[in-house]
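Trainee: I'm new to this structure and would like a close look at a single part. Could you take me through the helix packing, starting from the hairpin that comes before it in the chain?

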Amino acid sequence: MSIYKVPDVDLAVEYCGLRFESPFILASAPPSDTYEMVRDAFAKGWAGAVLKTTSLEDYVVDIAYPCIAGVRSAGCLLGLGNIDNISEFHMDEMERAVRLLKEEFPEKVVATSIWGTTKESWQILTRRSIEAGADYVEVSMSCPTDSPVEGLHFMVGQVPEEAHKIVSWIVEAADGLPVVPKLTGDVTHIVAIARAVKEAGAAALCACDSRHGIIGIDLDTLAPLPNIENRGTFAGMVGAHLKPFELRNLAELGTGQDLKVAASGGATTWHDVAEYMAVGATLVQFCTAVMLYGFDIIADLKEGLAYYLEAKGMRSAEDLVGKALPNIVPHSGLKPIKHAVAFVDKTRCTKCGRCVVSCEDGGHRAYVIDAEGYPEVDKEKCYGCGLCPDVCPAECIALVPR
């Protein structure tokens with residue numbers, strides 16, 4: 001007999017007119033590159049998957065290996081960067097994967113992610129997705145892949161006119177199959193791109209995939225990482241460090257347009273998922289967390305979200321979508337006063353001095369050391385800026401009402 005009471009919460013959500021048994025799906029990425037991998041993910045409880053971006057059989061995919069390197073700071077792995085672009089498996093392999101997965105797991109949602117270079121290739125890939133039985137098609141507009149316009153080296157999702165044109169081509173061939181553009185956050189105004197693809201017929205959105213960057217520099221060879229014969233290139237950055245940017249993009253999309261959004265980028269835990277849904281995401285796609293910790297994280301994700309929703313009095317996952325949006329205001333909407341002051345719990349303090357150093361050289365110099373060596377807050381000098389609670393390794397500092 002289980003000692004745990006299963007939360008009376010419905011995790012199912014609706015997106016593109018499709019029912020997902022939970023908000024947790026695999027992103028178009030290495031974990032969704034083959035039938036065998038997605039089959040294992042589905043068996044462990046993932047609600048759906050977008051297969052890794054594919055192309056027609058005559059499109060040459062040359063990947064230089066190693067194609068992945070870690071993003072590190074002070075010895076800690078913050079995320080990953082990759083230069084692999086799209087799948088080395090072409091559309092014929094993805095068609096096989098769709099058919100097998102839909103036959104074995106009819107209740108799961110399976111989408112293709114396509115990459116074309118001409119109107120004809122985009123439309124052929126779309127029609128073949130329909131014939132294979134895909135539930136929807138995701139349009140790769142955000143990966144570090146170049147524009148199909150020869151000589152123009154930008155992501156297709158960075159220019160509204162380009163995005164509109166390609167989505168229009170795909171919708172024309174889709175025959176009612178939902179078309180979901182995957183947007184990039186590497187833009188100055190993501191809502192402008194969203195409105196362009198909606199006008200072109202997009203059924204929903206996915207945002208925002210990896211971000212362009214340079215993973216790091218090998219200081220022995222002075223080549224970018226991953227180092228391939230002492231040369232490197234720009235990469236797609238993924239991982240938990242993207243979460244603040246993902247939240248911003250989701251909030252902008254949640255308040256600036258009305259298509260449903262699948263979040264993609266930066267989610268590791270159920271806490272992240274809850275935050276993404278609170279700012280407007282209906283689904284949350286996973287990639288890096290699976291690459292680091294495996295498919296088994298799905299059990300914790302579902303259990304954690306279910307208990308959180310129950311604790312908040314919500315009966316379904318959809319009740320959470322967009323709930324934080326009314327609380328996001330311009331800077332001018334915040335009262336410019338000192339709201340709080342730092343409080344040190346001396347029963348947990350280790351006297352490490354981190355708070356004193358940070359406040360002295362980066363804050364308001366509000367700390368003194370008492371006769372026993374504990375940090376003490378001068379309430380007149382403390383602004384309640386929030387720095388010291390975050391630098392405290394013992395987590396013994398809190399902000400309390402002034």
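Mentor: Let's start with a term we need for the hairpin: two strands count as paired if DSSP finds at least two bridges between them. Keep in mind that what you're looking at is a predicted model.

Now find strand β5, residues 68-73, and strand β6, residues 76-82: they run antiparallel and are joined by six bridges. One of those pairings brings S73 together with C76 in β6. The two strands make a hairpin, with two residues between them. Look at A74 in that turn, because its phi is positive, about 55°. Why point that out? Most residues other than glycine have a negative phi, and most peptide bonds are trans.

The second half of that rule has an exception here too. Step back to the loop between β4 (48-50) and β5, where P66 lies. The bond joining Y65 and P66 is a cis peptide bond, with omega about 0°.

Going the other way, past the hairpin, you get to the loop between β6 and α2, and that's where N85 sits. N85 isn't a glycine, yet its phi is positive, near 55°. With a relative accessible area of 32%, N85 is partly exposed.

That loop brings us to the helices. Two packed helices are described by the angle between their axes and the distance between the axes. Take helix α2 (residues 91-104) and helix α3 (residues 119-132): the angle is about 25° and the axes are 9 Å apart. Angles under 35 degrees count as roughly parallel, so α2 is roughly parallel to α3. The crossing of α2 past α3 is right-handed. Which residues do the touching? On the α2 side you'll find M91, D92, E95, V98 and R99, and they meet L125, R128, S129, E131 and A132 in α3. Sort the residues of this contact by type and you get four nonpolar, one polar and five charged.

Helix α3 also packs against another partner, helix α4 (residues 160-174). Here the axes come within 8 Å and cross at roughly 40°. That angle makes α3 oblique to α4. Again the crossing is right-handed, this time with α3 passing α4. From α3 the contact uses K119, W122, Q123, T126, R127 and I130, and from α4 it uses I166, W169, I170, E172, A173 and A174. By type, the residues of this contact divide into seven nonpolar, two polar and three charged.

If you put the two contacts side by side, α3 offers L125, R128, S129, E131 and A132 to α2, while K119, W122, Q123, T126, R127 and I130 of α3 go to α4.

Before you leave, the backbone oddities have counterparts further along the chain. The loop between β13 (223-224) and β14 (235-238) holds P226, and the peptide bond from L225 to P226 is cis, with omega near -10°. N230 is in the loop between β13 and β14 as well, and its phi is positive, near 65°, although it isn't a glycine.

One last stop is A311 in helix α9, residues 297-311. A311 is exposed, with a relative accessible area of 69%. From C-alpha to C-alpha, A311 and P7 are 9.1 Å apart in space, though 304 residues separate them in sequence.

Key. Residues numbered from 1 in each chain as written. Predicted model: local features only at pLDDT ≥ 70, side-chain atom pairs only at ≥ 80, totals over all residues. Heavy atoms only, no water. Axes fitted to C-alpha atoms, helices over the stretch in contact; angles between N-to-C directions. Helix = DSSP H or I, 4+ residues; strand = E, 2+ residues; numbered from the N terminus. Parallel < 35°, antiparallel > 145°, perpendicular 65-115°, else oblique. Left-handed = near helix turned anticlockwise from the far one by under 90°. Contact = heavy atoms within 4.5 Å. Nonpolar A, V, L, I, M, F, W, Y, C, P; charged D, E, K, R; others polar. Buried < 20%, exposed > 50% of the residue type's maximum accessible area, 1.4 Å probe, protein only.
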